[in-house]
Amino acid sequence: MQVKGWRVPVVALTGHLGAGKTTVLNQLLLNPGARIGVVVNDFGAINVDAGLLTGQVSTAESIAGGCLCCLPDSGGLDEALEVLTRPRLRLDAVVVEASGVAEPAALGRLIRFSGAEHVRPGGLVDVVDADAYFATVDTGGDPPARFGATTLVVINKTDLLPADEREPTVERIRARVHERNPHAHVVVTTRGRVDPALVFDAATDHDPDDQLPLADLAREHAGPPHRHANAVTVPATGPVDPGALIDLLEDPPAGVYRLKGTVVVDTGRTTRAYTANVVGRHIHIAPHPATTGDGLVAIGTHLNHADVHRRLQTALAAPSGPVAAQAMRRLVRYRRLSE
Ligand SMILES: Nc1nc2c(ncn2[C@@H]2O[C@H](COP(=O)(O)OP(=O)(O)OP(=O)(O)O)[C@@H](O)[C@H]2O)c(=O)[nH]1
């Protein structure tokens with residue numbers, strides 16, 4: 001396994017008291033085969049619904065499927081992330097569920113500047129209660145500051161709104177989110193049913209053989225999975241222009257929440273492979289040992305397939321002439337910021 005450069009996306013899950021954070025977390029954990037680490041509330045107190053927690057970190061190596069819960073005896077988030085992102089655990093993602101009072105931006109900073117070597121920011125998911133929204137987090141004036149840093153807003157509990165008020169209320173909330181942050185991705189749910197594929201890479205469509213049966217039982221209880229994310233994939237054909245690649249990463253097509261891939265870049269002097277990961281507006285670029293690139297995958301909701309495909313193809317096209325030094329500097333800047 002490639003350990004150097006190994007990074008695990010760490011997703012922050014925030015929301016006002018009772019908005020549905022734990023409900024969203026449990027939905028994300030239902031994904032078959034995905035190996036998810038969880039850090040709960042204030043990094044010590046335990047309040048995740050008990051049914052899905054399959055083991056402590058000390059026994060994690062013997063658990064090959066399902067989710068793991070980090071229960072640190074002492075210390076804070078850094079220590080928990082250090083443990084959960086160890087390459088030998090091979091986790092697909094870590095979700096940090098914050099207490100109801102946590103500010104998304106503050107938690108995002110803790111993750112982004114975590115001392116843990118293998119962490120990559122995986123997005124800030126903020127859950128809002130559609131029914132209580134205008135009485136709690138947004139009582140007028142400027143739109144809530146919390147959305148400034150949020151990459152994905154989950155408008156939850158829409159079932160509690162009277163049928164004739166549902167759509168207008170959701171649209172008013174959406175408008176307030178975008179007033180603060182036009183780039184925030186918004187999904188509308190009941191019972192926290194966010195498609196896990198939107199948030200992290202879903203490992204498989206079925207449980208591995210050694211999966212503990214808990215997730216399977218929980219899925220039966222929860223009903224069929226909710227699928228609203230879609231993806232567009234374009235394979236690489238050869239070295240690409242770093243400028244064209246960064247143009248795409250800085251301004252992804254409408255509806256794209258995540259972008260990822262391995263590409264070989266024409267640096268102007270040689271060729272070099274990189275992995276690129278974009279969540280919301282956060283760009284992460286790291287060197288990769290491959291000599292050929294896989295291409296790019298865009299994941300989002302309501303994607304215009306043809307449009308997204310065209311944009312990915314443009315980014316993956318062979319350079320039309322000599323690569324400008326400035327183009328490579330743009331890429332190197334993001335690579336440095338990602339270290
Ligand atoms: N009607 C309805 N109830 C929901 C929905 N989502 C969650 N709930 C319920 O709302 C309550 C609070 O949900 P939680 O997931 O515990 O919310 P939380 O944000 O984790 O709560 P705290 O950790 O206390 O801040 C629970 O009783 C859930 O079952 C929904 O979409 N509709």
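This section describes the fold of the protein chain, from its overall composition to its individual elements.

The model is predicted. The protein chain contains 10 helices and 12 strands, and buried residues account for 43% of its 339 residues. Of the contacts in the protein chain between residues at least 6 apart in sequence, 79% join residues at least 24 apart. The domain assignment divides the protein chain into domain 1 (8-222) and domain 2 (230-337).

Within the bounds of domain 1, strand β2 (residues 36-40) has five of its five residues buried, so it is largely enclosed by the rest of the structure. The side chains of β2 are directed to two sides: Ile36, Val38 and Val40 point one way, Gly37 and Val39 point the other way, and all are buried. Strand β2 pairs with strand β4 (residues 93-97) in the parallel sense, over five bridges. In this pairing, Val38 has Val95 of β4 as its bridge partner.

Helix α3 (residues 77-84) carries the buried residues Leu77, Ala80, Leu81, Val83 and Leu84. Viewed down the axis of α3, these buried residues fall within an arc of 160°, so they line one face of the helix. An α-helix has 3.6 residues a turn, so residues three or four places apart point the same way.

Residues 229-316 carry the feature "domain: CobW C-terminal" in UniProt, from an unreviewed entry. This span is 24% helix and 44% strand, and its end C-alpha atoms lie 23 Å apart.

An open sheet is formed by five strands in the order β8-β12-β9-β10-β11, with antiparallel pairing. The edges are occupied by β8 (230-235) and β11 (282-288), each of which has a single partner strand, so one side of each is left without a neighbour in the sheet. From one strand to the next, the twist averages 15°. Strands β9 (residues 256-266) and β12 (residues 295-300) run antiparallel and are joined by six bridges; Leu259 stands opposite Ala298 in β12.

Two helices that pack on this sheet are α8 and α9. Helix α8 (residues 242-250) touches β9, β10 (271-279) and β11, and its direction makes about 170° with that of β9. Helix α9 (residues 305-316) touches β8, β9 and β12, and its direction makes about 35° with that of β8.

The buried residues of α8 are Pro242, Leu245, Ile246, Leu248 and Leu249. Seen down the axis of α8, they are confined to an arc of 160°, so they line one face of the helix. The elements covering the buried residues of α8 include strands β9, β10 and β11 as well as helices α9 and α10 (325-337).

The two domains touch through 11 residues of domain 1, which are in contact with nine residues of domain 2. On the side of domain 1 that touches domain 2, the elements giving two or more residues are β5 (119-129), β7 (185-188) and α6 (196-199). Strand β5 provides the largest share of that side, four residues.

Terms used. Residues are numbered from 1 along each chain as its sequence is written. This is a predicted model: local features need pLDDT of at least 70, side-chain atom pairs count only at pLDDT 80 or more; totals for chains, interfaces and linings use all residues. A residue is buried if 20 or more other C-beta atoms lie within 10 Å of its own, exposed if 12 or fewer, and partly exposed in between; C-beta atoms are placed from the backbone. The arc is that of the directions from the helix axis to the C-beta atoms. Two strands pair if DSSP finds at least two bridges between them. Axes are lines fitted to C-alpha atoms, for helices over the stretch in contact, and angles run from 0 to 180 degrees between N-to-C directions. Two residues are in contact if their C-beta atoms, placed from the backbone, lie within 7 Å. UniProt positions are given in the numbering used here, feature names are shortened, and annotations may be inferred rather than shown by experiment. Domain bounds come from an automatic or database domain assignment.
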